[in-house]
Amino acid sequence: MATATKKKKAAGSAKKAPARTSKRAAAYTPPKKFPISFRVNGSEVRAEAPAHTSLLYLLRDLGFTEVKNGCEAGDCGACTVLLDGVAVNACCVLGVQAEGREITTVKGIGTVENLHPIQKKFIELGAIQCGFCTPGMIVAAYELLEKKPRPSREEIKAGIAGNLCRCTGYVKIIDAIEAAAGEMASSKGRKS
Ligand code: FES
Ligand code: FES
């Protein structure tokens, strides 16, 4: 009974509560959206976003969820993509800065049907555990091997220094990048 009375009272007082929407809500103007055209993994993309939206949010909202959201502060590297060939943390770039530019995510590096040697070696050598860091790690490794096709282990460590992995202890990741570099070099040698 007591509960019922209390409930009644609560319901009654809720009815009388003054409306809180008022001026603030009425004064809210949604942020202006800007049109943005860019390319992702070779395909044309058109979007609209407020000026403060990060490239990470923009890409994920467009369905590129392979770009992972770890820290949103430039610390973990999970969101690494290539912006005109340069590895960046998508959480630290504004979406509007992508205008007219080419973005490459891990899916642009290789596909399930046609894996890039880096992706293949990550799988073969057990460099993936939970997999959360993997997309960003592979993009960072790709940029490294583009610049330095046969890096030393120290150079590999420096190349992935901005990418954190909480599972693997890094050794297998470094092994995989080193092995991928070897495979890429020998397949280049075969072609030439
Ligand atoms: S989510 Fe961008 S660096 Fe962590
Ligand atoms: S495999 Fe889990 S964070 Fe790297």
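**View 1. Helix H5 and the glycine that follows it.** Just after helix H5 comes Gly-126, with a positive phi near 70 degrees. This is a predicted model, so every view here shows a prediction. H5 itself spans residues 117–124, and its buried residues include Pro-117, Ile-118 and Gln-119. Lys-121 and Phe-122 are buried in H5 too.

**View 2. The five-stranded sheet.** Here you can follow an open sheet of 5 strands in the order S2-S1-S5-S3-S4, with mixed pairing. Strands S2 and S4 (86–89) stand at the edges with a single partner strand each, so each has one side without a neighbour in the sheet. From one strand to the next, the twist averages 40 degrees. Helix H6 (residues 134–147) packs on this sheet, where it touches S3 (80–83) and S4. The direction of H6 makes about 40 degrees with that of S3.

**View 3. The hairpin of S1 and S2.** Strands S1 (residues 33–40) and S2 (residues 43–50) run antiparallel and are joined by 8 bridges. Between the two strands of the hairpin lie 2 residues, and Asn-41 takes a positive phi near 50 degrees. Look for Arg-39, whose bridge partner in S2 is Glu-44.

**View 4. Strand S1 beside S5.** S1 also pairs with S5 (residues 102–104); these strands run parallel, with 2 bridges between them. Arg-39 appears again here, standing opposite Glu-102 in S5. Next to look for is Val-40, which stands opposite Ile-103 in S5.

**View 5. The largest nonpolar core.** This core has 46 residues, and those touching the most other members are Ala-90, Ala-141 and Ile-177. Among the elements that each supply at least two residues are S1, helix H3 (55–61), H5 and helix H8 (171–191). H6 gives the largest share, 8 residues. Because domain 1 (32–108) and domain 2 (110–192) both give residues to the core, it lies between them.

**View 6. Around Ala-90.** Which residues does Ala-90 touch, leaving aside those up to four places away in sequence? They are Ser-54, Leu-55, Leu-56, Leu-59, Val-67, Cys-79 and Val-81.

**View 7. Confidence along the chain.** The protein chain averages a pLDDT of 90, and 86% of the residues score at least 70. Over residues 1–14, though, the pLDDT is below 50. Beyond near neighbours in sequence, that stretch has 0 contacts in the model.

Note on methods. Residues are numbered from 1 along each chain as its sequence is written. Chains are lettered from A and ligands numbered from 1 in the order in which they are written. This is a predicted model: local features need pLDDT of at least 70, side-chain atom pairs count only at pLDDT 80 or more; totals for chains, interfaces and linings use all residues. Two strands pair if DSSP finds at least two bridges between them. Helices (H or I, at least four residues) and strands (E, at least two) are DSSP runs, numbered from the N terminus. pLDDT is the predictor's confidence in each residue, from 0 to 100. Two residues are in contact if their C-beta atoms, placed from the backbone, lie within 7 Å. Axes are lines fitted to C-alpha atoms, for helices over the stretch in contact, and angles run from 0 to 180 degrees between N-to-C directions. A residue is buried if 20 or more other C-beta atoms lie within 10 Å of its own, exposed if 12 or fewer, and partly exposed in between; C-beta atoms are placed from the backbone. A nonpolar core is a set of buried Ala, Val, Leu, Ile, Met, Phe, Trp, Tyr and Cys residues joined through C-beta atoms within 7 Å. Domain bounds come from an automatic or database domain assignment.
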